[in-house]
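Here are a few short exercises to help you find your way around a protein you haven't met before. Try each task yourself, then read the worked solution.

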Amino acid sequence: MISRALVIKLGLGQLISWGTAYYLIGNFGTLIARHHGWSDSVVYAGFSLSLLTMAVISPFCGRMIDRHGGRIIMTLGSCLNALGCLILAFADHQILHFIGWVVLGLAMRATLYDAAFATLARIGGRDARRAMGQITLFGGLASTVFWPLGHLIQSEFGISIALVAYAGFALLTVPMYAAIPDARHGEALRNSTRPTDDADKENDQGLPTHQRLCGFLYAVIVTLLNVVNAAMSAHMIAILIGLGLTTAAAIHAASLRGIGQSAARAAEILFGKRIPPASLTLFATAVLPLCFVLAFWGDQFAIAAMTFTLLYGAANGVLTITRGTLPLMIFGNARYGHQVGRLLVPGFILSALAPSLYERAITHWGPTGALWLSIGLLACAFAAAMWLYLLLRPQSSETHPAPIA
């Protein structure tokens with residue numbers, strides 16, 4: 001039920017949505033602060049507020065996609081994306097600036113991977129796994145496309161016009177998301193005969209203990225990975241410089257993260273069809289703490305720093321896909337959006353706090369302390385992935401496992 005045209009439209013929509021919303025802060029954060037005469041902390045507090053907004057509406061958004069499909073939610077999200085960019089473009093007061101970020105938080109939860117994964121799961125059931133991987137290839141190019149594009153527009157016309165242009169780009173996704181079919185996979189239809197809040201509560205209470213434990217472990221893994229990913233997005237270059245690399249070397253090494261991410265996603269799509277998501281998650285979470293150990297030798301051997309960022313990007317690339325496919329293995333596609341929406345809330349909240357918490361860690365313990373903190377968090381993620389793998393192992397030998405009963 002998932003056509004190639006749908007994958008392309010959703011993929012292009014992900015590229016634009018990530019580029020104009022999530023990666024906006026990396027391109028324009030300092031420039032917005034300078035334009036208005038504010039401190040950088042005001043702008044970055046706005047971004048943290050958008051992540052907290054995503055946490056608040058995550059369960060509701062998941063339920064709405066389960067019931068009505070992705071067409072309405074993701075199309076509305078595109079319009080909110082454009083509105084948020086326009087508010088930031090003309091927000092002369094801090095309160096309007098924060099309102100703009102709240103609107104962008106609503107837009108991001110309604111348009112980024114988690115909404116797209118729920119949409120695909122509703123349409124294709126467990127067969128949506130391949131499509132989930134394919135759309136991440138497009139989304140992985142968002143910073144590569146929009147950072148230089150945004151810089152070019154801003155350099156020529158100024159920050160306000162650049163944000164207006166971003167609003168225009170966001171509106172390009174409206175016809176892409178409006179073309180999402182209003183279809184539901186047959187199994188989900190049979191299992192979702194009472195799509196009401198009361199039914200949701202009853203079904204949550206009726207989940208087997210085994211299934212609840214798997215869902216809890218999934219939430220732990222996603223939350224820990226979100227914390228480290230948000231922290232590294234903000235501080236990776238600074239950490240590498242603090243370890244002794246030159247600024248140029250640190251930027252060059254950090255740029256390999258995106259290459260590793262895209263390469264790993266492509267490999268998963270081509271060769272990972274018969275590897276269960278739980279096995280891929282276990283392998284990727286095992287690689288993550290080991291690659292952080294390599295960073296300690298980054299000041300002595302450039303290849304160590306480059307290998308660290310390359311492997312970090314590759315592992316994250318795989319885990320982005322399994323973030324969408326693991327819940328299919330645990331819950332099936334019935335009420336996928338509702339289940340995942342609830343489980344993602346802690347990850348959204350803590351990822352909003354991660355950059356500032358890591359900044360304090362670097363201040364007190366230095367860059368090596370931040371690396372040890374990351375290794376500890378990722379070791380916990382690996383332990384949770386091992387436990388989840390053991391719980392799901394009886395199904396792992398099947399190419400298309402059924403959800404746990």
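## Exercise 1: One partner in a salt bridge

Task: decide whether Asp182 counts as buried, partly exposed or exposed.

Solution. Keep in mind that we're working with a predicted model. Start with the number: Asp182 has a relative accessibility of 53%. Exposed means over 50%, so Asp182 counts as exposed.

Next, look at its partner. The side chain of Asp182 meets that of Arg122 in a salt bridge, at 3.8 Å from N to O. Arg122 sits in helix α6, while Asp182 is in the loop between α10 (173-178) and α11 (186-191), so the pair ties together parts 60 residues apart in sequence. Now check Arg122: its relative accessible area is 6%, so Arg122 is buried.

## Exercise 2: The other salt bridges

Task: find out how many salt bridges a search of the whole structure gives, and say where the partners of Arg323 and Arg129 lie.

Solution. First, the count: the search turns up three salt bridges. As background, side chains of opposite charge can pair when their charged atoms come close.

Second, take Arg323. Its partner is Asp114, with the closest N and O atoms 2.7 Å apart. Arg323 belongs to helix α16 (residues 302-331) and Asp114 to helix α6 (residues 113-124), so to speak a link between distant parts of the chain, 209 residues apart. Are these two buried or exposed? Arg323 has 17% relative accessibility and Asp114 has a relative accessible area of 11%. Buried means under 20%, so Arg323 counts as buried, and Asp114 is buried as well.

Third, take Arg129. It forms a salt bridge with Glu268, and the closest N and O atoms are 3.1 Å apart. Arg129 is in helix α7 (residues 129-139) and Glu268 in helix α14 (residues 247-271), which puts them 139 residues apart. Both Arg129 and Glu268 are buried.

## Exercise 3: The whole chain

Task: work out whether the radius of gyration of the protein chain agrees with that of a compact globule.

Solution. Begin with the length: for 405 residues, a compact globule would have a radius of gyration near 22 Å. The protein chain has 21 Å, which agrees.

Now add some more views of the chain. The C-alpha trace spans about 55 × 45 × 35 Å along its principal axes. The chain has 18 helices and zero strands. Of its 405 residues, 55% count as buried. Among contacts with a separation of 6 or more, 83% come from residues 24 or more positions apart. The chain exposes about 16,800 Å², with carbon and sulfur atoms supplying 67% of that.

## Exercise 4: A covered helix and a helix end

Task: name the buried residues of α17, then list what Leu294 touches.

Solution. Helix α17 covers residues 336-343, and seven of its eight residues are buried. They are Tyr336, Gly337, His338, Gln339, Val340, Gly341 and Leu343.

Over to Leu294, which has its place in helix α15 (residues 277-294). With 27% relative accessibility, Leu294 counts as partly exposed. Leaving out residues up to four places away in sequence, Leu294 touches Ala304, Thr307, Phe308 and Leu311. As a last step, compare C-alpha atoms: those of Leu294 and Met306 are separated by 9.2 Å, and the two residues are 12 apart along the chain.

Conventions. Residues are numbered from 1 along each chain as its sequence is written. This is a predicted model: local features need pLDDT of at least 70, side-chain atom pairs count only at pLDDT 80 or more; totals for chains, interfaces and linings use all residues. Side-chain values use heavy atoms; hydrogens and water are left out. Helices (H or I, at least four residues) and strands (E, at least two) are DSSP runs, numbered from the N terminus. The radius of gyration is taken over C-alpha atoms; the globule rule is 2.2 Å times the number of residues to the power 0.38. Buried means under 20% relative accessible area, exposed over 50%, partly exposed in between (1.4 Å probe, protein chains only). Contact means heavy atoms within 4.5 Å. Accessible areas come from the Shrake-Rupley method with a 1.4 Å probe; for residues, only the protein chains shown count as cover. A salt bridge is a side-chain nitrogen of Lys or Arg within 4 Å of a carboxyl oxygen of Asp or Glu.
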